[in-house]
Amino acid sequence: MIKFISFKQICGWLSAGFFIFSLQVQAQELFSFENFEGFEKPGKTWAIVGDVQADIHQTGQLAVDKGQGILANIPTQKNKGEDLFTKASFGDMDLEVDYLVAKGSNSGIYLQGMYEIQILDSWGKAIPSSGDNGGIYERWDDSKPDGQQGYQGYAPRQNASKAPGLWQNLKVSFQAARFDAQNNKIENAKILSVVLNGVKIHEDVELFGPTRGAMAAKEMARGPIRIQGDHGAVAFRNLKITAYDKALPGIKDITYDLYKGRFEEVPDFSKLTPERSGQMEKLTANIRGADEQFLIRYKAFLELESDGMLKFNLSTPGGAGTFLVGDEQVIAASMGNLSGELQLTAGKHPVEILYAKVQDWVQPGIGLEVSGPGIRPFQLSDKTFTSSSGPDPILVDPKERPVLRSFMDIPDGHRVTHAVSVGSPYKVHYTYDMDQGNLVQVWKGGFLNATPMWNSRGDGSSRPMGAIIRFGPPALPIARLQSLEQSWPVDTLGTGFKVHGYKILSNDHHLQFMFEGFGAEVADELEILADGKGLKRTLTIKNARESTYVRLAKGEQIVDLGEGLFVIGDKSYYLQLEDPDQFKPEIRSIDGMMELLIPARENMACFLLF
């Protein structure tokens, strides 16, 4: 017989928590911007270019370099520009794109040419509105009194916008309006989610009609992507559209047999008599008698309108499950994150699902999800059952606890064991590594999720919530170099590093960290800017010897923009020297990366702007 799972195994699994991951491979339309293929005739302000650079101080200024890969729009006083439309039309879809705006610029992406996601230079805006970056633009009615024409706009939950001249990432999941056979609207369009720079700013927003400036008054099942081109200089790259245009599978004629008791293996059903049997409209475990230990055997038919490789996810809380289509075992009898895939043809396919629950204190429920080319992950089971579980998050409010010491994990697999995270009411936060005397990361948005630290026994770590800029593997910010060809030290061995803690200065988010290294005494002061645009860093260094340098930044690219302003990485953030005439910065290329160095002096200050 096929074992489901031992009771001991299930207990171990459930104590760790379980999650259902959506497996999907969708047909995607990629716009490489090598040319205008895929778009209707562009206006004269649109161009394919190789690079763009905005002037952070000059409104509307966007410089371009020749090449391919970036779509740029640069209106002029003579030519205000016009909108750009894709040739293809879309219904349900996911859209992802990077964009960069000039200072003061305004643009937007209209889904189906009808519903605008605003693109705007909203850097530092304390309380964003529906007209700010990432907002779902308002609808408009000229017949209403002045000041009331705009309505049903949706502001982002928080301002996750970056500075002009930096690349921003936008992800939108959209569900088109539904229409009956007579083309009457029977369901409104929806924004399922909008994620800006890694921060979810909208979720489950119903769109009751077109936003202002829509290309038509009447909604439709399909429409083009429209990029606004008459409001300012803006650039785009890496546009990707994933269409979900196939009919959703259905599960019909569902019957069930409920067997009471504990089942740790698939039984011989011919020798069993069910406690209860019946039919149901929706796949559910909400059956009288299904509350403690049981086995439910479901039988049904899966109906498909087109061929395709389908992915299935099955969740069976407090026990184990298996899933068969015809004679094919798609998901073997097991527990945990159950998933499988099968190539199926259009038509009607018999399915069988087993759910054996052995933990009597766990709430019963069954989740079955399907996805595939042209099919967004879709629940075939009771919609009241969620596909993941876990404790309520333990979130840290920076007003109540502005400084938190914890472990901090960074993506390269490194764990910072002596991390000090500092939060502010300005929605700008950072983490400092006491073991290396340096910044680990800064971010905008929420402060910390301390669930991993404080839930149950915890693992001691917390997680930042927001649009994060990471500075790579932690390393001392100062070093003695025999020459500029010498690599920067990767650890504190032989540096004489000694930490002296930190102190709070003018407020709870203005701290100074102290340490020794390479014979120098360093005070590293970090002050979060009240306008929410970044932070100021001041290094006070005493007793620095010759050939001692400060590494201000490291990235794949570092570009000197003049007057002490540098753009770091893939236009990820700016570094501005407070007194550029005082220093002679050195940009060097070493070990496959670029570094910005300055000779160690008694005092130096810079701003990190993002």
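**Close-up 1. Lys 185 and its salt bridge to Glu 219.** In this predicted model, Lys 185 is partly exposed, with a relative accessible area of 32%. Its side chain meets that of Glu 219 in a salt bridge, at 2.6 Å from N to O. Lys 185 belongs to strand E12 (residues 185–187), whereas Glu 219 sits in the loop between strand E14 (199–207) and strand E15 (223–227), so the salt bridge ties together parts that are 34 residues apart in sequence. Glu 219 has a relative accessible area of 12% and counts as buried, because the cut-off for that class is under 20%.

**Close-up 2. The salt bridge between Asp 459 and Arg 415.** The closest N and O atoms of this pair are 3.6 Å apart. Distant parts of the chain are linked here: Arg 415 lies in strand E29 (residues 415–422), and Asp 459 lies in the loop between helix H2 (451–454) and strand E33 (463–464), with the two positions 44 residues apart in sequence. Asp 459 is partly exposed, at a relative accessible area of 35%. Arg 415 is also partly exposed, with 30% relative accessibility.

**Close-up 3. Glu 595 and Arg 588, a buried pair.** Both residues are buried. They form a salt bridge in which the closest N and O atoms are 2.7 Å apart.

**Close-up 4. A salt-bridge network of Asp 98, Arg 237 and Asp 570.** Salt bridges link these three residues in a network. Side chains of opposite charge can pair when their charged atoms come close. The count of salt bridges in the model comes to 24.

**Close-up 5. The open sheet that contains strand E29.** Five strands make up this sheet, in the order E28-E29-E30-E31-E34, and their pairing is antiparallel. Strand E28 (403–409) and strand E34 (467–470) are the edge strands, each pairing on one side only. Direction ignored, neighbouring strands of the sheet are turned by 30° against each other on average. Strand E29 is also the strand that holds Arg 415, the salt-bridge partner of Asp 459.

**Close-up 6. The pairing of strands E28 and E29.** These two strands pair in the antiparallel sense over six bridges. Val 403 stands opposite Val 422 of E29. Strand E28 spans residues 403–409 and is an edge strand of the sheet.

Key: Residues are numbered from 1 along each chain as its sequence is written. This is a predicted model: local features need pLDDT of at least 70, side-chain atom pairs count only at pLDDT 80 or more; totals for chains, interfaces and linings use all residues. Side-chain values use heavy atoms; hydrogens and water are left out. A salt bridge is a side-chain nitrogen of Lys or Arg within 4 Å of a carboxyl oxygen of Asp or Glu. Helices (H or I, at least four residues) and strands (E, at least two) are DSSP runs, numbered from the N terminus. Buried means under 20% relative accessible area, exposed over 50%, partly exposed in between (1.4 Å probe, protein chains only). Two strands pair if DSSP finds at least two bridges between them. Axes are lines fitted to C-alpha atoms, for helices over the stretch in contact, and angles run from 0 to 180 degrees between N-to-C directions.
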